[in-house]
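The exercises below are to be worked with the sequence and the model side by side. Each one sets a task and then solves it step by step.

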Amino acid sequence: SRGTNKAVAVFVSSPDEATRIEALLTSGAQPILANDRVAVLTGTMRGHERELLLQRPAWRRLAADRTDEECRETAVLIATGAGEIGIDLDADILLCDDVTLDRQIQRIGRCNRQGLGVGEVTIIASPKRDANADYDQRKLIAVRMLQALPGLENGALDASPRALTGLRSHPDY
């Protein structure tokens with residue numbers, strides 16, 4: 001993405017995927033980011049682990065109540081569904097796999113939460129199929145509905161709360 005010092009949220013479907021992405025970012029001879037600039041949130045974490053997470057610089061960078069001082073470096077939060085509801089995150093950039101519309105809207109709500117700039121959302125379609133065919137169908141409908149969002153001058157789609165509310169009039173809603 002353009003610029004530096006971004007707050008990035010990455011949503012994935014499993015704790016194993018989250019751990020794998022964390023390792024890709026922080027391991028090797030030349031890691032992409034320092035360990036303290038990457039945080040992982042999954043539903044498998046115990047309360048004590050979550051409390052420690054809240055103190056990490058990566059978490060503070062994505063916190064909606066962050067200070068200007070905490071915005072000096074890029075940070076990445078990798079989360080499973082545990083980060084979709086009830087957490088006040090404000091990412092500049094959101095990367096996520098495809099899920100149903102209700103979950104996708106929750107995820108999108110974690111990007112540009114303060115409305116102080118322009119957030120970037122990228123949804124990556126999963127090549128694998130779920131065991132539940134109905135769930136696969138609901139994911140496809142979600143993608144189709146999101147593609148119907150109004151366009152912006154730069155060719156992107158408007159995923160603002162107002163535009164997402166407008167999806168209620170979509171035939172698949």
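The exercises treat the sheet, its inner strands, the cysteines, one backbone angle and the main pocket.

The model is predicted, so local features require pLDDT of at least 70 and side-chain atom pairs pLDDT 80 or more, while totals for chains, interfaces and linings use all residues. Residues are numbered from 1 along each chain as its sequence is written, and side-chain values use heavy atoms, without hydrogens and water.

**Exercise 1. The sheet**

Task: Determine the strand order of the open sheet and state which strands stand at its edges.

Solution.
Step 1. Strands are DSSP runs of E with at least two residues, helices are runs of H or I with at least four, and both are numbered from the N terminus. Two strands pair if DSSP finds at least two bridges between them.
Step 2. The open sheet has five strands in the order S2-S3-S1-S4-S5, with parallel pairing.
Step 3. Strand S2 (38-41) and S5 are the edge strands; each has a single partner strand, so one side of each is left without a neighbour in the sheet.
Step 4. From one strand to the next, the twist averages 15 degrees. For such angles, axes are lines fitted to C-alpha atoms (for helices over the stretch in contact), and the angles run from 0 to 180 degrees between N-to-C directions.

**Exercise 2. The surroundings of strand S1**

Task: Identify the partners of S1 and decide whether its residues are buried or exposed.

Solution.
Step 1. S1 pairs with strand S3 (residues 75-79) in the parallel sense over five bridges; Ala 7 has Ala 75 as its bridge partner in S3.
Step 2. Four bridges join S1 (residues 7-11) to strand S4 (residues 93-97), also in parallel. In S4, Ile 93 is the bridge partner of Val 8, Leu 94 that of Ala 9, and Cys 96 stands opposite Phe 11.
Step 3. Buried means under 20% relative accessible area, exposed over 50%, and partly exposed in between (1.4 Å probe, protein chains only). Five of the five residues of S1 are buried.
Step 4. In a regular strand the side chains alternate between the two faces of the sheet. Here Ala 7, Ala 9 and Phe 11 point one way, and Val 8 and Val 10 the other way.

**Exercise 3. From S4 to S5**

Task: Trace the link from S4 to S5 and locate Val 121 within it.

Solution.
Step 1. In S4, four of the five residues are buried, so this strand is largely enclosed by the rest of the structure.
Step 2. S4 pairs with S5 in the parallel sense over five bridges, and Leu 94 has Val 121 as its bridge partner in S5.
Step 3. Val 121 is partly exposed, with a relative accessible area of 32%. Its C-alpha atom is separated by 8.0 Å from that of Cys 96, 25 residues apart along the chain.

**Exercise 4. Cysteines**

Task: State how many disulfides the structure holds.

Solution.
Step 1. A disulfide is counted when two cysteine sulfur atoms lie within 2.5 Å. The structure holds zero disulfides.
Step 2. For Cys 96, the nearest cysteine sulfur is that of Cys 111, 9.4 Å away.
Step 3. Cys 96 is buried, with a relative accessible area of 3%; Cys 111 is buried as well, at 9%.

**Exercise 5. A backbone angle**

Task: Describe the phi of Asn 112 and its setting.

Solution.
Step 1. Most residues other than glycine have a negative phi.
Step 2. Asn 112 is not a glycine, but has a positive phi of about 55 degrees.
Step 3. Asn 112 belongs to the loop between H4 and S5 and is partly exposed, with a relative accessible area of 24%.

**Exercise 6. The largest pocket**

Task: Characterise the lining of the largest pocket.

Solution.
Step 1. The lining consists of 29 residues, of which Gly 119, Val 121, Leu 157, Asp 158 and Ala 159 lie nearest the centre of the pocket. On a 1 Å grid over the protein atoms alone, a pocket is an open set of points where a 1.4 Å probe fits, with protein on both sides within 12 Å along at least five of seven lines; lining residues have an atom within 4 Å of a point.
Step 2. The volume is about 830 Å³, taken as the space filled by probe spheres set on the points, which are joined across faces, edges and corners.
Step 3. Helix H4 (101-108), strand S5 (120-124), helix H5 (133-147) and helix H6 (161-165) each supply at least two lining residues. The largest share, four residues, comes from S5.
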